[in-house]
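Colleague: I would like a close look at one part of this model. Please take the packed helix pair, then set it in the chain around it.

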Amino acid sequence: MDSTVFILVLLAALTHAAWNAWLKNTSPDFIGLAALATGWLTTACIALPFVGPPEPVHWKYLLTTTIVHTIYAALLVSAYRHGELSLVFPIARGSAPLIVALVSPWVLMERLAGFDLLAVVLIASGILIIGLAGAGSNVRDRHAVLLSLATGATIASYTIIDASGARAGTSPHVYSVWLFVLASIAQIAVSTLVHRSATLALLKPHLVRGITVGILSAVAYGAVLWAMSVAPAALVAAVRETSILFAALIGWLLLGEKVGRFRWIGVVITVAGLIAGRL
């Protein structure tokens with residue numbers, strides 16, 4: 001993977017860890033996602049004059065991914081209601097790149113080999129070890145595990161759809177901007193349907209931070225979409241999911257959290273995967 005692509009995807013991973021932590025700790029429900037979606041919509045509105053309308057070839061991907069992103073949001077909210085961040089996040093994010101790697105040869109016509117394949121396997125394995133080692137008794141929560149795996153399947157689905165959409169047409173940036181328009185409108189609509197007249201009152205306390213985190217999230221995922229247009233989707237997906245590695249290291253360095261032996265093993269395996277991805 002090219003150095004520029006590699007660094008951008010790592011930065012996206014760090015941003016991704018931040019918004020998931022914010023969602024879980026601040027408002028792990030449709031209101032939190034609506035606040036985040038407002039940030040996506042803000043970013044898209046700023047970028048729209050520079051990208052223009054979507055190309056005809058983009059529409060089938062945009063409509064499909066909007067549906068999948070909405071299902072993903074509902075599953076993520078439900079998973080966070082049943083399990084802790086340390087359980088849900090690594091299972092969902094760790095399973096996704098493995099699914100992408102398995103499906104890519106038939107859908108994207110990409111077949112990983114050598115160090116790229118090794119990188120995906122190591123990163124996904126390390127992520128799962130980091131998360132599950134810190135989950136403790138939460139592993140017994142069957143609902144959280146099943147919902148996390150279902151969330152991982154939707155992540156893999158929209159990753160493949162978005163990789164295809166970003167490669168279609170003449171510019172991945174046009175696709176990413178219109179994805180944020182449609183996905184944010186859908187998410188805000190779902191939140192309104194769930195909370196009805198109380199939506200605005202519930203949303204107001206989270207709006208400023210939600211918009212800020214949402215803008216960062218949109219820029220980060222836009223970078224990931226561009227990366228998937230120039231590099232194998234499974235490898236980009238795996239590097240992006242190292243967000244759980246950043247979360248573990250931040251907890252250890254800044255929050256004084258204990259990192260046990262198995263978590264360190266997961267960290268070492270994940271870092272080995274990142275090194276393999278650069279070879």
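**A helix pair and its surroundings**

Modeller: Read from start to end, the protein chain runs α-α-α-α-α-α-α-α-α-α-α-α. This is a predicted model. The count is 12 helices and 0 strands. Of the 279 residues in the protein chain, 52% are buried.

Now the pair itself. The two partners are helix α3, residues 59–82, and helix α6, residues 142–167. Their axes lie 9 Å apart. The packing angle is about 160°. Angles over 145 degrees count as roughly antiparallel, so α3 and α6 are roughly antiparallel to each other. Their crossing is left-handed. The contact of α3 with α6 has a mixed make-up: 13 of its residues are nonpolar, 12 are polar and 1 is charged.

Next along the chain, take α7. Helix α7 covers residues 172–195, which is 24 residues. From its first C-alpha to its last, α7 reaches 34 Å. That is close to the 34 Å expected at 1.5 Å a residue. Look at both ends of this helix. At the N-terminal end, S171 acts as the cap of α7. A side-chain oxygen of S171 sits 3.1 Å from the backbone nitrogen of H173. At the other end, α7 is followed by R196. The phi of R196 is positive, near 55°.

Two residues further out are worth a look, each with a partner distant in sequence. Start with A124. It belongs to helix α5, residues 114–133. Is A124 buried or exposed? The cut-off for buried is under 20% relative accessible area. A124 has a relative accessible area of 0%, so A124 is buried. Its partner here is G266, 142 residues away in sequence. In space, A124 and G266 are 9.6 Å apart, C-alpha to C-alpha.

Then R263. This residue lies in helix α12, residues 261–278. Its relative accessibility is 14%. With the cut-off at under 20%, R263 therefore counts as buried. Along the chain, R263 and L128 are 135 residues apart. Their C-alpha atoms are separated by 9.6 Å.

To recap the part you asked about: α3 and α6 pack at about 160° with axes 9 Å apart, and their crossing is left-handed. The contact holds 13 nonpolar, 12 polar and 1 charged residues.

Methods. Residues are numbered from 1 along each chain as its sequence is written. This is a predicted model: local features need pLDDT of at least 70, side-chain atom pairs count only at pLDDT 80 or more; totals for chains, interfaces and linings use all residues. Side-chain values use heavy atoms; hydrogens and water are left out. Axes are lines fitted to C-alpha atoms, for helices over the stretch in contact, and angles run from 0 to 180 degrees between N-to-C directions. Helices (H or I, at least four residues) and strands (E, at least two) are DSSP runs, numbered from the N terminus. Angles under 35 degrees count as roughly parallel, over 145 as roughly antiparallel, 65 to 115 as roughly perpendicular and the rest as oblique. A crossing is left-handed if the near helix is turned anticlockwise from the far one by less than a right angle, and right-handed if clockwise. Ala, Val, Leu, Ile, Met, Phe, Trp, Tyr, Cys and Pro count as nonpolar, Asp, Glu, Lys and Arg as charged, and the others, Gly among them, as polar. The expected span of a helix is 1.5 Å times one less than its number of residues. A polar contact is a pair of N or O atoms within 3.5 Å; within protein, one must be able to donate a hydrogen and the other to accept it, and residues adjacent in sequence count only if both atoms are side-chain atoms. Buried means under 20% relative accessible area, exposed over 50%, partly exposed in between (1.4 Å probe, protein chains only).
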